[in-house]
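Dear colleague,

Please find below the structure that I am handing over to you. My findings follow directly after it.

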Amino acid sequence: MRAIAHGPRMSVLRNLESKIASLVEGTFSRAFRAEVRPLELARRLTREMDANVTVSLERRYAPNEYAIYLSPQDRERLAVVEEELRPELAAHLLEHARSEGLELLTRPSVEIHTDERLALGEFGIRARVVRAAHPERPPEQGDHGHTSIYTTAERLRESRAAAPVAATPPAPAEPAAAAPRRPTALLVLDDRRLIVPADGVVVGRSRECDVVLADPDVSRRHAQLRPDADGGWTLVDLGSTNGVRVNDARIAGAHRLHSGDRLGLGATDLTFELE
């Protein structure tokens, strides 16, 4: 398949960046030194596409549905160009898939959402495969996917004028009768931070798992991370072949986790965090 150059598409994204920058002038520009930029989104989207490829006997399938989660500040700033930005990002993904020889079940789609838990400069991306709809039934979803969280901090560290990522504003107070909020759980794999849904995740090699690890030493359904009744989190070995390690010690059955615990599944190491 002929490779497609990315220059023209990147030029369009750069023009969008210039348009956004022109909206923020004078003293207001200081508030957006750590903002999420369209080119950053484009690069991370293609990275998520590559990281979530499913390989069959003859083909490689890439996710075709992408959800971007932005902080309220970043979402407000990008709102004026959001309608232009979404199709540009989708077209960039399509070109990347063609250049890499990846199969797509449908044309890529990109949606943008607000997540109050994210600070200025932080953004999340969820990539998943969604099968085309049959005329008589709704679309059938494939891999549920997970959300990877990124931050602009790395870019800021490389700039002399960089400012630290703004702290997440405190959450509104819970009503007196409400149960205490369960801390957000994350699984950290290399530089990717995967938000764990409130009902937990299954980790394994099978594409049906919530977190898919491309590791031959990982069982198809290797382990499950689930919430417990005390507001904490428990890791359970689902009968894996090579077992589950927590802080280098093999566990049997269920094991209560603490923030900072190192998890070993096959040859893959992850870190469990609470925030």
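Thr234 of strand 14 has Arg256 as its bridge partner in strand 17. Strands 14 and 17 run antiparallel and are joined by three bridges; two strands are taken to pair if DSSP finds at least two bridges between them. Helices (H or I, at least four residues) and strands (E, at least two) are DSSP runs, numbered from the N terminus.

The model is predicted: local features need pLDDT of at least 70, side-chain atom pairs count only at pLDDT 80 or more, and totals for chains, interfaces and linings use all residues. Residues are numbered from 1 along each chain as its sequence is written, and side-chain values use heavy atoms, with hydrogens and water left out.

The sheet around strand 14

Strands 14 and 17 belong to an open sheet of five strands with mixed pairing, in the order 12-11-13-14-17. Its edge strands are strand 12 (211-212) and strand 17 (254-256), each of which pairs on one side only. Strand 11 (residues 201-204) runs parallel to strand 12 and is joined to it by two bridges; Gly204 has Val212 of strand 12 as its bridge partner. Strand 13 (residues 223-227) pairs with strand 14 in the antiparallel sense over five bridges, and Gln224 stands opposite Val236 of strand 14. Five residues lie between the strands in the hairpin of strands 13 and 14, where Gly231 takes a positive phi near 85°.

Strand 14 (residues 233-237) is mostly covered, with five of its five residues buried; buried means under 20% relative accessible area, exposed over 50%, and partly exposed in between (1.4 Å probe, protein chains only). In a regular strand the side chains alternate between the two faces of the sheet. In strand 14, Trp233, Leu235 and Asp237 point one way, Thr234 and Val236 point the other way, and all are buried.

What surrounds Ala223? Ala223 lies in strand 13 and counts as buried because its relative accessibility is 1%. Leaving aside neighbours within four places in sequence, Ala223 is in contact (heavy atoms within 4.5 Å) with Val201, Val202, Val203, Leu235, Val236, Leu238, Val244 and Leu265. Its C-alpha is 9.8 Å from that of Cys209, at a separation of 14 residues in sequence.

The cavity

One cavity of 30 Å³ or more was counted, and the largest cavity holds about 40 Å³ of space. On a 1 Å grid over the protein atoms alone, a cavity is a set of points where a 1.4 Å probe fits but cannot get out, and lining residues have an atom within 4 Å of a point. Grid points are joined across faces, edges and corners, and the volume is the space filled by probe spheres set on the points. The lining of the largest cavity consists of Leu187, Val203, Leu225, Leu235, Leu263, Leu265 and Leu270. Of these, Val203 and Leu235 are also among the contacts of Ala223.

Elsewhere in the chain

The chain has five helices and 19 strands, and buried residues make up 45% of its 275 residues. Among contacts between residues at least 6 apart in sequence, 62% join residues at least 24 apart.

Strand 3 (residues 65-70) pairs with strand 5 in the antiparallel sense over six bridges, and Ala67 has Arg126 of strand 5 as its bridge partner. Six of the seven residues of strand 5 (residues 122-128) are buried, so strand 5 is largely enclosed by the rest of the structure.

The expected span of a helix is 1.5 Å times one less than its number of residues. Helix 2 (residues 38-51) should span 20 Å with its 14 residues, and its end C-alpha atoms are 20 Å apart, which agrees. Ten of the 14 residues of helix 2 are buried, so this helix is largely enclosed by the rest of the structure; Glu40, Arg44 and Glu48 are among the buried residues. Helix 4 (residues 82-99) has 18 residues and reaches 26 Å from its first C-alpha to its last, close to the 26 Å expected. In helix 4, 14 of the 18 residues are buried, and just after it Gly101 takes a positive phi of about 70°.

Most residues other than glycine have a negative phi. Asn247, in the loop between strand 15 (244-246) and strand 16 (249-250), has a positive phi near 55° and counts as partly exposed at 33% relative accessibility. Asp248, in the loop between strand 15 and strand 16, has a positive phi of about 75° and counts as exposed at 62% relative accessibility.

With kind regards

Key
1 Å grid on protein atoms, 1.4 Å probe; cavity = no way out; pocket = protein on both sides within 12 Å on 5 of 7 lines; lining within 4 Å.
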